[in-house]
Amino acid sequence: IKTKLHADVLCLDDFFIPSSEWPNEISPAFPFPYFRYADFIQGLQRLSNGMIFEYQAYDWSIKQLGEIKSINPENIIIVEGVSVLSEQLAPCYNKTICVMSNESNELEAICQRENNNMKVWKELYLPSV
C-alpha cells in the first residue's frame, strides 16, 4: 500500500521504549507502558492539524532509539499499529482501513524481530492488548 500510494508511514512500533529504560516494575497496561504512546498521539494530532512531525524512531536492529524521521502532512500518511483506530485518534483520519494479519504470520514476524525471545510478547504485550 505504501509503495502504491507513495505514502509515508507512521508506525506505532517506532515509538517503542528501549527495555533498558523501562521501570523496574512493569506490568500489562494500556496505554502500553513500553511505548512513547503520548508522543505518538501528539505526532498524529500535529499531522492532522497540518504540521510536520519529526520524531526519533526506535531501531529494532540495534534495540535503541535511532534515526530522526520526518513526516509531511501534505503526503498520504498510513498510520499503523495496535490501537490506532481508537476513539481518541479517529478524528485525525480521513479514511480508515483495518488490515489484520493471520496469527502464524504475526508470530513469525515477532520471532524475527525479537530474536526468538517471546517472553515480552507473551507476558507483557498480549495481556496489555
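This is a short tour of the structure, stop by stop, with something to select at each one.

**Before you start**

You are looking at a predicted model, in which local features need pLDDT of at least 70 and side-chain atom pairs count only at pLDDT 80 or more, while totals for chains, interfaces and linings use all residues. Residues are numbered from 1 along each chain as its sequence is written, and side-chain values use heavy atoms, with hydrogens and water left out.

**Stop 1: the whole protein**

Show the protein as a cartoon and follow the chain from its start. Along the sequence you will meet the pattern α-β-α-β-β-β-α-α, which comes to 4 helices and 4 strands. Here helices (H or I, at least four residues) and strands (E, at least two) are DSSP runs, numbered from the N terminus. The protein is as compact as a globular protein of its length, because its radius of gyration is 15 Å, close to the 14 Å that the globule rule gives for 129 residues. That radius is taken over C-alpha atoms, and the rule is 2.2 Å times the number of residues to the power 0.38.

Now turn the model around. Along the principal axes, the C-alpha atoms fill a box of roughly 40 × 30 × 30 Å. Switch on the surface: about 8,700 Å² is accessible, and 49% of that belongs to carbon and sulfur atoms. These areas come from the Shrake-Rupley method with a 1.4 Å probe, and for residues only the protein chains shown count as cover.

Of the 129 residues, 30% are buried. Buried means under 20% relative accessible area, exposed means over 50%, and partly exposed lies in between (1.4 Å probe, protein chains only). Among contacts with a separation of 6 or more, 57% come from residues 24 or more positions apart; contact means heavy atoms within 4.5 Å.

**Stop 2: Asp14 and Lys69**

Select these two residues and show their side chains. They meet in a salt bridge, 3.2 Å from N to O, and a search of the whole structure finds 1 such bridge. The term stands for a side-chain nitrogen of Lys or Arg within 4 Å of a carboxyl oxygen of Asp or Glu. The pair links distant parts of the chain, 55 residues apart: Asp14 is in the loop between β1 (8–11) and α2, and Lys69 is in strand β3 (residues 64–71).

Click on each partner in turn. Asp14 is buried, at 8% relative accessible area, whereas Lys69 is partly exposed at 27%. Leaving out residues up to four places away in sequence, Asp14 touches Arg36, Tyr55, Gln56, Ala57, Tyr58 and Lys69.

**Stop 3: Pro31**

Stay in the loop between β1 and α2, where Pro31 also has its place. Zoom in on the backbone just before Pro31: the peptide bond from Phe30 to Pro31 is cis, with omega near 0°.

**Stop 4: Ser83**

Next, select Ser83, in the loop between β4 (77–80) and α3 (103–113). Which residues does Ser83 touch, not counting those up to four places away in sequence? They are Leu12, Phe30, Phe32, Tyr37 and Leu89. Ser83 counts as buried, with 18% relative accessibility. Look at its backbone too: phi of Ser83 is near 85°, a positive value in a residue other than glycine.

**Stop 5: His6**

His6 also has a positive phi, near 55°, and is likewise a residue other than glycine. You will find His6 in the loop between α1 (2–5) and β1. Is His6 buried or exposed? His6 counts as exposed, at 70% relative accessibility.

**Stop 6: Met51**

Move to the loop between α2 (37–48) and β2 (53–59) and pick Met51. Its relative accessible area is 35%, so Met51 is partly exposed. Setting aside neighbours within four places in sequence, Met51 is in contact with Arg46 and Pro73. Then draw a distance line to Ile71: the two residues are 20 apart in sequence, and their C-alpha atoms are 9.0 Å apart in space.

**Stop 7: Glu74**

Finish in the loop between β3 and β4, where Glu74 is found. Glu74 is exposed, with a relative accessible area of 73%. For a last distance line, join the C-alpha atoms of Glu74 and Glu87: these residues are 13 apart along the chain and separated by 24 Å.
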